[in-house]
Amino acid sequence: MTYQIIHPPFSLQFWDMPKEELKEYFAWFKAAIPERIEKLTEFIRQDPAYVNWNPDNSTSSLDALGEWLIGHLSLRKRTEAEMEAMRSDSPYSIDMPNYDLTDASYSLAFDAGVYFAQMLMAHHPSLSWTQEFKSRKSMDYGQPLLVPFGAVPLNPIGVSVSIAHGLADRSRPASRLREVYEEWSRRAQ
């Protein structure tokens, strides 16, 4: 069995999507959560060292997920066209990394982010999903967010993708997933 990469039926260009399409994405996202956790679980259990991995919302499951991800995330070199598009889209003069996660790694990061969010929700029943529409300039505009965490909502997919970059390039340890979980868990209201 191979891993089924997620293929949302949306562009995921959140800042350019009409509000109605963003609402449709939000409904699709929430409905996809159980299936994505199942797909992730099936793929992890194919590894003989993780055949007993259980998404039971325990910190030990998060530790094992971080360890497993390190061996399954990979990077690809960005094309010159991608680099130019990033430079032209950014109003800031910053160095852009010339690598990115592969499509399969983005999908794994998405699935890990969904599990990360579900784990937070299991331990903090006051948390719920929402969507931000205040400003198209917001980095989280139109994306599924968890609240309440005080002034700053949590974008679990964005956080997971960021962690995945660090795991893939080995600049972060496997424990990073749990560390970030614990930080957000302390902030949960």
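**Notes on a predicted model**

1. **R76 and its strand.** At 28% relative accessibility, R76 counts as partly exposed, because that class runs between the buried limit of 20% and the exposed limit of 50%. The model is a predicted one. R76 sits in strand β1, residues 75-77. Leaving out residues up to four places away in sequence, R76 touches E82, N98, Y99, D100, L101 and T102. For D100, 24 residues apart from R76 along the chain, the C-alpha to C-alpha separation is 5.5 Å.

2. **The largest pocket: volume and centre.** How much space lies in the largest pocket? The volume is about 2,000 Å³. Its lining counts 44 residues. Nearest the centre are L12, Q13, W15, Y106 and V161.

3. **The largest pocket: what lines it.** Five elements each give two or more residues to the lining: α1 (19-44), α3 (80-89), β2 (99-101), α4 (103-123) and α5 (156-168). Which of them gives the largest share? That is α5, with six residues. Sorted by class, the lining has 23 nonpolar residues, eleven polar and ten charged.

4. **S160 on α5.** Helix α5 also holds S160. Is this serine, S160, buried or exposed? S160 counts as buried, because its relative accessibility is 4% and the limit for that class is under 20%. Neighbours within four places in sequence aside, the contacts of S160 are A109, A112 and G113.

5. **Two residues of α1: R36.** R36 belongs to helix α1. It is an arginine with 3% relative accessibility, and therefore R36 counts as buried. Beyond its neighbours within four places in sequence, R36 is in contact with Y3, Q4, I5 and I6. R36 also contacts S107, F110 and D111.

6. **Two residues of α1: K30.** K30 lies in helix α1 too. Here the relative accessible area is 38%, so K30 is partly exposed. K30 and G113 are 83 residues apart in sequence. In space, their C-alpha atoms are 13 Å apart.

7. **Helix α2: length check.** Helix α2 covers residues 59-70, twelve residues in total. At 1.5 Å a residue it should span 16 Å. The expected figure uses one less than the number of residues. The end C-alpha atoms of α2 are 17 Å apart, which agrees.

8. **Helix α2: buried residues.** Which residues of α2 are buried? They are S61, L62, A64, L65, G66, W68, L69 and I70. These buried residues pack against α1, α4, α5 and α6 (176-187).

9. **Helix α6: length check.** The same test can be put to α6. Its twelve residues should span 16 Å at 1.5 Å a residue. Its end C-alpha atoms lie 17 Å apart, and that agrees with the expected span.

10. **Helix α6: one face.** L177, V180, Y181, W184 and S185 are the buried residues of α6. Why do they line one face of the helix? Seen down the axis of α6, the buried residues fall within an arc of 140°, so they line one face. The general rule behind such a pattern is simple. An α-helix has 3.6 residues a turn, so residues three or four places apart point the same way. The buried residues of α6 pack against α2, α4 and α5.

11. **A cis peptide bond.** Where does the chain have a cis peptide bond? One joins V147 and P148, with omega about 0°. P148 lies in a loop, between β4 (144-147) and α5.

12. **Positive phi at N57.** Phi of N57 is near 65°, a positive value in a residue other than glycine. N57 is in the loop between α1 and α2. With a relative accessible area of 22%, N57 is partly exposed.

13. **Positive phi at R170.** R170 is another residue to check by eye. Its phi is near 65°, and R170 is a residue other than glycine with a positive value. R170 is found in the loop between α5 and α6.

Note on methods. Residues are numbered from 1 along each chain as its sequence is written. This is a predicted model: local features need pLDDT of at least 70, side-chain atom pairs count only at pLDDT 80 or more; totals for chains, interfaces and linings use all residues. Side-chain values use heavy atoms; hydrogens and water are left out. On a 1 Å grid over the protein atoms alone, a cavity is a set of points where a 1.4 Å probe fits but cannot get out, and a pocket is an open set with protein on both sides within 12 Å along at least five of seven lines; lining residues have an atom within 4 Å of a point. Grid points are joined across faces, edges and corners, and a volume is the space filled by probe spheres set on the points. Helices (H or I, at least four residues) and strands (E, at least two) are DSSP runs, numbered from the N terminus. Ala, Val, Leu, Ile, Met, Phe, Trp, Tyr, Cys and Pro count as nonpolar, Asp, Glu, Lys and Arg as charged, and the others, Gly among them, as polar. Buried means under 20% relative accessible area, exposed over 50%, partly exposed in between (1.4 Å probe, protein chains only). Contact means heavy atoms within 4.5 Å. The arc is that of the directions from the helix axis to the C-beta atoms.
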